[in-house]
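Me: Could you walk me through this one with me? I'd like to begin with an overall view and then go into some local detail.
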Amino acid sequence: MKILHALVWGAAVALVAAAVTAHVRLRNPSNENPLVWSDPQAIGIVVNSTGSADVTDGSDVTAVRLAIQDWNEVAGSDVQLVEDDSEAAMARTDWSSSGVHLVFFDEENDSGYFSGGGTVALTPVWFYSSGQIVDADILFNGSGFQFTTSGVPGRFDIQDVAAHELGHLLGLDHSGWAGATMYPYVDTLVIEHRSLSQDEVAGLRDISASASFATITGRIRRAADDSVVRGAHVVARDEFGRTQGSILSGDDGRFAIVELDPGTYTVYAEPLDEPVSSYNLGGGFTIEVDFEPALYAAPAVLSGGDSAALGTLYVDADVLLNLGRNSDRFPVRVVAGATTTVTIRGTGLFTGSTIEASDPDIALGEPTWFGAQVVFSATVPAGEPRGHVDLTVTNAGGDVSILPAALEVTPASPQVTDVDPAAGSSHGGQTLTIAGADFHAGARVVIGDRIYTDGAPGGATVVDEGTITLVTAEMVAGLHDVVVIDPSGEEGRLEDGFQAADIPVVGTVFPIAGAAAGGTAVTVTGQDFQPGVTVRIDGVTQAQIEWVSAVKLTFAAVGGTAGGPYLLEVENPDGGLATSAFAYEDQPDPAVTAVDPASGSSGGGETILVSGANFSSSPDVLFGADPDTGLGGTPAALVTVLDSSTLEVVTPAHTAGTVSVLVTDPSTGQAGLLEGGFAFEGSSGGGGCRTVPAAGPPRGRDVLGGSWWIALLLVLLAGRARRMRPAPARI
Amino acid sequence: MRTLIALAALLGAVLVFLGRPPATPRVEAGTALRMDIPALARTAELILEGHVLATHPREREDGRIETEVLLQVERTFAGADEVYRTLFLPGGVLPDGRGLILPGVPGLRAGEDVLLFLTAAARSGVRMPVGLAQGKLGVVRQEGGAKALVRDDGGVGLLDPASGRIRHGRGVAVLDYATVVAEIEAARAGRQAR
């Protein structure tokens, strides 16, 4: 079976190899088989949780995930990176193991690949002779360089570098496009590799397409002797002058630009010399550069999955003219609605030459020629779509040099000016409104380790160019930058724009009202209570506050003016604040001191006496209510008030066990509870104490969870409400 | 006497490599800092100009694949001056077809004349070209016979296969040899002065 599988695999690879000449795929240097995963629709990947030593807020992992998301969202390809984000997987560091495809920051040069030498990151790719990739891992050179997710000067942008390296992991080699993500060089000022160019889109479609696309075929020959040109860089640009696809011609000079969308394309061939040359490519390529760029006279018109055969393009001998050096900083970003000064190096850039952009919408100013470089301005109209534009230089003698995808058109960078509210619980659920400018559809918002994608479930919504809304997800506590990333990769950032804190959350307050004279024992349940927590009612700090756990605290109400409901505040020592409500009543709290008899049948129907004090004229009695919250419990079958200190109660049916007895005043919310006050006995018992939560709030009085009960309280105490202050979250 | 020893070493080395399948470990890619010649010179621990005599891919005990390169050294700009150097570069393709490629790391082929800017050797002995592809320059001869340096595949199209001289590629960045040497020397001197 294994042999059969191998044969099938080998045949598949052979078919791919025969059909593929597009853009630049990684190849087996020994036989030119393209490198490809056996299951490109589900390529496992793990991001080591330690991340970069230079980033401490978890945004390093987020940045890698953004890059993964970009590759996974390429239209027309079903190639998918599937992240294993389990704790165990993310703890792995054994990157060289074939069992894990790891993104790893090599802080100690454990790999041995970073012994000082300008390598920012590497992606070792292991493969079989067939071209099947068996392992690939991404190593960031943490020992030699520093990384950032927030534009710290002198550091490399993690998302930018990760996007490039993921391309290698997927099976792509370097691109001949100066503006492509797979352009070989990077520096600390560049983040434009974050956004994938059409070259990467076509490359991923080439690896595994999810639809049919069009193809342009042809052949490149030298005019002088009719010999074929091997490794010519053949590029297609659309009717808008935007660079859309490219390939390298084969050893017979033939090419096939595949995976193109319908449209009209201008096709040209140019030598792959500078700034990207054969040295930047892996093995298996023959690159000839001894010719002058040339364009096909007629465009290729493509519809649907058609092919267009352009025939032979004859190229002239090489010329002493070249635009672009690897010492230039690419991509050259030009911003829609702005003018940018551009400097590009080269050869033969003398006065008398002309330079033009392939997109006629982009106006180039009068250039200044220095022989080895040219300086000019590029003005992009507002609203121009993002994409790449070629530059063509023609010298006085008519010689031509073309730099593919030299300019990357982007919108202006987003600006984030305000986030409202500026703080919230690390547990999420906070609705945020982000204000700023230049927000566009498809934007992503990053807060801490969370990504919110425009339009995605649980994501963000770009309301307009100045507003984004989202609901926070659970995130790492701390101060976080709020980053809005345009689909072009450009970003805007509000430093420390949002604080996610372990803000306490109040779930229940029991009871919800107490005697104005004070002394009511109150239990508060919720989340993230910290030792040292304080409780205030109507601004007055309460007494005997006891932090029981992160989910429970108790205090004795000091009392106050009858009325309310008053604001109840629970404040952690770090400033995290939660609010609820509590009311004071003129009357004393009910108290339950004894039950006689203290046990009875689980079948119920037995009459008992409940003794205590301050019972109202129509109290409720529950058996088995939760002592901390007052929730649940089974109502008594019948309650008769003998006097304010004695109740005659008919027990309900109840599961066997010892339970609490709760007496409440439904008109005020005051309560008295005797823990373990009554034991239900019966043959079906033996399970010990067990309370049965009610399906809903029995007789509307004893459930305090959620916000609805505050409304209920307001109704109960209508007319007596006093100073109800706003309850902003405060850190 | 030194010449005889050198010839013997060369003969031995060639014999060692004979019978092994020809390797084309043209490993490549990755992300590299853009670097000019002075930066390359300042960063490199070993700078050699030489002729690649042979290459041999091998698998290490930890499963990693590397390529052993025998270089006849013409000139040493940095590092110990030796007539022959054995270098270990990461990546390569084994005779059984298994391979390791590091996109961006330039390969070396037997017969090439190169100027290499190399990092210090790692514990494993492996060195990396500084700045990946930028750490390798092809040494070629111009029409007048003068040396020049190119950042391109000097064996294909660019050179006349008979003479080894530049045939085409006027659009290719051809670096003046003397200028590059001067930049290397100046950068090294500056590094030592610091």
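Reply: Before the contacts, one definition is needed: two residues are in contact if their C-beta atoms, placed from the backbone, lie within 7 Å. Please also keep in mind that this is a predicted model.

Me: OK, so with that, what share of the contacts in chain B join residues at least 24 apart?
Reply: Counting contacts in chain B between residues at least 6 apart in sequence, 62% join residues at least 24 apart.

Me: And how many helices and strands does chain B have?
Reply: Chain B has three helices and ten strands, and read from the N terminus their order is α-β-α-β-β-β-β-β-β-β-β-β-α. Of the 194 residues in chain B, 47% are buried.

Me: Switching to chain A, in which sense do β43 and β44 pair?
Reply: Strand β43(A), residues 543-549, pairs with strand β44(A), residues 552-556, in the antiparallel sense, with four bridges between them. The connection from β43(A) to β44(A) is a hairpin through two residues, and A:Ser549 has A:Lys552 in β44(A) as its bridge partner.

Me: Now A:Ala441, is that buried or exposed?
Reply: A:Ala441 is exposed, because 10 other C-beta atoms lie within 10 Å, and the cut-off for exposed is 12 or fewer. This residue sits in the loop between β31 (431-437) and β32 (444-447) of chain A.

Me: What does A:Ala441 touch, leaving out residues up to four places away in sequence?
Reply: On that count A:Ala441 touches A:Asp454 and A:Val462. As for A:Thr461, it is 20 residues from A:Ala441 in sequence, with a C-alpha to C-alpha distance of 8.5 Å in space.

Terms used:
Residues numbered from 1 in each chain as written. Chains lettered and ligands numbered in written order. Predicted model: local features only at pLDDT ≥ 70, side-chain atom pairs only at ≥ 80, totals over all residues. Buried ≥ 20, exposed ≤ 12 C-beta atoms within 10 Å, placed from the backbone. Pairing = 2+ DSSP bridges.
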